[in-house]
Amino acid sequence: MVRTVSAAETAPQTYAWPVKAEGLRVQAGRHLAVNGLDLALGTGVHGLLGPNGAGKTTMMRALATVVRPADGRLELLGQPVHTRADLRGVRRALGYLPQHFGFYPRFTVREFVEYMAWLKEMPAGDVPGAVQRAIERVGLADRADKKMKTLSGGMLRRVGIAQAIVNDPQILLLDEPTVGLDPEQRMTFRDLLRELGADTCVLVSTHLVEDVVAACTDVVLVDTGRLVWQGTPQELARWGAAGDAGDSPAERGYSALLRTHRAGTR
Ligand SMILES: Nc1ncnc2c1ncn2[C@@H]1O[C@H](COP(=O)(O)OP(=O)(O)OP(=O)(O)O)[C@@H](O)[C@H]1O
């Protein structure tokens, strides 16, 4: 299949970071869930770690432009999105799997992914091929014409990943994509992540430190709405000591960094 290359893709890149946040503050209801976040993300797979309530979902929602920041700066693909700018161009280049995504249960997998491709304003001629490829990449080709309501939880999650990648996004945001995936599918998904990270800025939130070690080039650790630490999975593993909680060097590194951060903020 020959993919149509948009003008945006051939234009010279004028920004240093696909994602750049400075002093970002984002409300979740009345709560300031992201509270002064500084972050720069390049091409690659960034694993977003942090305890429950750290602000990961709220941060993803701001990056996906579904919630406007309360304060600070946020630039996506070099374009400020914290202002009232026209976001259509940026949104066309985004892929987003929310923590909970809605769908019409009577749609087939193919109809749903097509519908999302249409919402992302993909050229009509590109849609059927792109949809088929996205469905194949998540291993659901044999279910493509089954209704969404007949799928298992793990399969639905994979449809969610398919809709997020259908437009070959430049920024891909995946909020807990591996929830409900069986071990075999998690391995396949890690391969897909590595493949996508070659030319895309991928941010993937998870509670599974082992997934981050296996598939991410970079780790982003957040707590109480702020960046605690950023580095490679190998550096994360070096932070842990024998007394830290966890079953692997990276899990112990995670515990050690959070402990140190919390001691410093008390
Ligand atoms: N609608 C809301 N109203 C008030 N507080 C909220 C709302 N949504 C989220 N919060 C609070 O904001 C904080 C951050 O929530 P968020 O869902 O972003 O965290 P998270 O890191 O994704 O957590 P988890 O790992 O549990 O998914 C939490 O303290 C949460 O209780």
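# Exercises on strands, helices and a ligand shell

Strand E3 (residues 44-49) and strand E9 pair in the parallel sense, with four bridges between them. The model is predicted, so that local features need pLDDT of at least 70 and side-chain atom pairs count only at pLDDT 80 or more, whereas totals for chains, interfaces and linings use all residues. Residues are numbered from 1 along each chain as its sequence is written. Helices (H or I, at least four residues) and strands (E, at least two) are DSSP runs numbered from the N terminus, and two strands pair if DSSP finds at least two bridges between them.

## Exercise 1: strand E9 and its partners

Task: work out which residues stand opposite one another along E9, and in which sense E9 and E10 pair.

Solution. Begin with E3, where histidine 46 has aspartate 218 of E9 as its bridge partner. Then turn to strand E10 (residues 226-231), which pairs with E9 (residues 218-223) in the antiparallel sense over five bridges. Valine 219 has glycine 231 in E10 as its bridge partner, and aspartate 223 stands opposite arginine 226. E9 and E10 form a hairpin with two residues between them, and threonine 224 in the turn has a positive phi of about 45 degrees.

Task: state how the residues of E9 are covered, and which of them point each way.

Solution. A residue is buried if 20 or more other C-beta atoms lie within 10 Å of its own, exposed if 12 or fewer, and partly exposed in between, with C-beta atoms placed from the backbone. On this count six of the six residues of E9 are buried. In a regular strand the side chains alternate between the two faces of the sheet. In E9, Asp218, Val220 and Val222 point one way, while Val219, Leu221 and Asp223 point the other way, and all are buried.

## Exercise 2: the open sheet

Task: give the order of the four strands in the open sheet and explain why E2 and E5 each have one side without a neighbour in the sheet.

Solution. The order is E2-E1-E4-E5, with antiparallel pairing. E2 and strand E5 (79-80) stand at the edges with a single partner strand each, so one side of each is left without a neighbour in the sheet. At one edge, strand E1 (residues 19-28) is joined to E2 by eight antiparallel bridges, and alanine 28 stands opposite histidine 31 in E2. The hairpin of E1 and E2 has two residues between the strands, and glycine 29 in the turn takes a positive phi of about 60 degrees. At the other edge, two bridges join strand E4 (residues 71-76) to E5, again running antiparallel, with leucine 76 opposite glutamine 79.

## Exercise 3: the shell around the ligand

Task: identify which residues come nearest to the ligand, which elements contribute, and how the shell divides by residue class.

Solution. A residue is near a molecule if its C-beta atom, placed from the backbone, lies within 6 Å of it. Of the 13 residues around the ligand, Ala28, Gly29, Asn52, Thr57 and Thr58 come nearest. Strand E2 (31-41) and helix H2 (56-63) are the elements that give two or more residues to this shell, and H2 gives the most, with three residues. For the classes, Ala, Val, Leu, Ile, Met, Phe, Trp, Tyr, Cys and Pro count as nonpolar, Asp, Glu, Lys and Arg as charged, and the others, Gly among them, as polar. The shell then divides into three nonpolar, eight polar and two charged residues.

## Exercise 4: helix H5 and the loop after it

Task: determine which residues of H5 are buried, what covers them, and how alanine 144 is placed.

Solution. In helix H5 (residues 127-137), Ala130, Val131, Ala134, Ile135 and Arg137 are buried. They cover an arc of only 160 degrees (taken from the directions from the helix axis to the C-beta atoms), which puts them on the same side of H5. Their cover includes helix H4 (109-119), helix H6 (153-165) and helix H7 (183-196). Just after H5, glycine 139 takes a positive phi of about 70 degrees. Alanine 144 lies in the loop between H5 and H6, and it counts as partly exposed because it has 17 C-beta neighbours inside 10 Å. Leaving aside neighbours within four places in sequence, alanine 144 is in contact (C-beta atoms, placed from the backbone, within 7 Å) with Thr108, Val109, Arg110 and Ile135.

Key
Contact = placed C-beta atoms within 7 Å.
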